[in-house]
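Hello,

Here is the structure I promised to pass on to you. Have a look at it first, and then read on for my notes.

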Amino acid sequence: MKAAVRLDDITPDMDWDSFSAFEALCDRFGIRPLLGVVPENRDPGLSIGEKRADFWEKIRALQEKGWCVAMHGCYHQYRTKSGGLFPLNVQSEFAGLPEGEQRALLREGKRLLVSRGIRPEIFMAPGHTFDKTTLKILKELGFRYVTDGYGKRPYRRRGLTFLPISFLRSRLFAGEGYTTLVLHLNGAGREELEGYERLFASHQGEFMTWQEYMAAAARKRGAVGNAAEYAMAAGKRLAGKLKRLL
């Protein structure tokens, strides 16, 4: 199994100390992640420090050295209690909203990124939650990829290519195929960062770029595969809830 690295919740006021330390690790090991950039952050939970004045210049500089950018929602504000098609969570910025509201949000998110010189092809939903309407509008707006779902290969769904994420980090490199290591760096301390360093060191050659991932052949997947994915996501959410209760 080869893995790509995805970083969620990239905002001007995120934890830049952790991010900078992780960036140094990526440079050392030749890792080029996907950045889930929130076009306009309105989620106070993501506001960790002072806003970086050169944020958009920094994002463009990372693109120039081979990192990719995904549009991570619009405002990162959860507006519904829907898990949509991939119910890892039961809250969403998009799933369950009327088509007009979703279109306005998605169009505005893309407009904001384009106005900063960034033209995203990949969509990253806050909370991993989206529905059929979300996918329809993403295709209309020119997006080609969604970073989410489960599987060992990219697959096609509703005119978009899904680039699956890992179901269990402990089995990240098990078997053959492709997957995604999903990371949230806000609040990542020394011990966590050292863990990533050990992971990168012990699996050199097993990480891939997003350019490689997007170039991999995608298969069409049917109703049975979609139903299995839904059950896996719902099961993982319920298992996590049970673990917290215990």
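A good place to begin is the pair Leu 7 and Leu 35, since Leu 7 stands opposite Leu 35 in strand β2. Please keep in mind as you read that this is a predicted model.

**Around strand β1**

The two strands involved here are β1 and β2 (residues 34-37), which run parallel and are joined by 3 bridges. Strand β1 covers residues 2-10, and 8 of its 9 residues are buried, so you will find this strand mostly covered. Strand β1 also pairs with strand β8 (residues 178-183), again in the parallel sense, over 6 bridges. If you want a spot to look at there, Lys 2 has Tyr 178 in β8 as its bridge partner.

How is the path from β1 to β2 arranged? Together with helix α1 (residues 16-29), the two strands make a β-α-β unit, and this unit is right-handed.

**Salt bridges**

How many salt bridges does a search of the whole structure find? The count is 18. Here are some that I looked at.

Glu 197 and Arg 28 meet through their side chains in a salt bridge, with 2.4 Å from N to O. Glu 197 belongs to helix α5 (residues 190-202) and Arg 28 to helix α1, so this pair ties together parts that lie 169 residues apart in sequence. Arg 28 counts as exposed because its relative accessibility is 57%, while Glu 197 is partly exposed at 25%.

A second salt bridge is formed by the side chains of Arg 52 and Asp 54, at 2.6 Å from N to O. Both partners are partly exposed: Arg 52 has a relative accessible area of 25%, and Asp 54 has a relative accessibility of 33%.

Then there is the salt bridge between the side chains of Glu 140 and Arg 103, at 3.0 Å from N to O. This pair links distant parts of the chain, with Glu 140 in helix α4 (residues 132-140) and Arg 103 in helix α3 (residues 99-115), 37 residues apart. Is Arg 103 buried or exposed? Its relative accessibility is 18%, so Arg 103 counts as buried, whereas Glu 140, at 45%, counts as partly exposed.

Finally, Glu 23, Asp 27, Lys 58 and Lys 65 are joined into one network by salt bridges that share partners.

Enjoy exploring the model!

Best wishes

Key: Residues numbered from 1 in each chain as written. Predicted model: local features only at pLDDT ≥ 70, side-chain atom pairs only at ≥ 80, totals over all residues. Heavy atoms only, no water. Buried < 20%, exposed > 50% of the residue type's maximum accessible area, 1.4 Å probe, protein only. Helix = DSSP H or I, 4+ residues; strand = E, 2+ residues; numbered from the N terminus. Pairing = 2+ DSSP bridges. Right-handed = clockwise from strand over helix to strand, strands pointing away. Salt bridge = Lys/Arg side-chain N within 4 Å of Asp/Glu carboxyl O.
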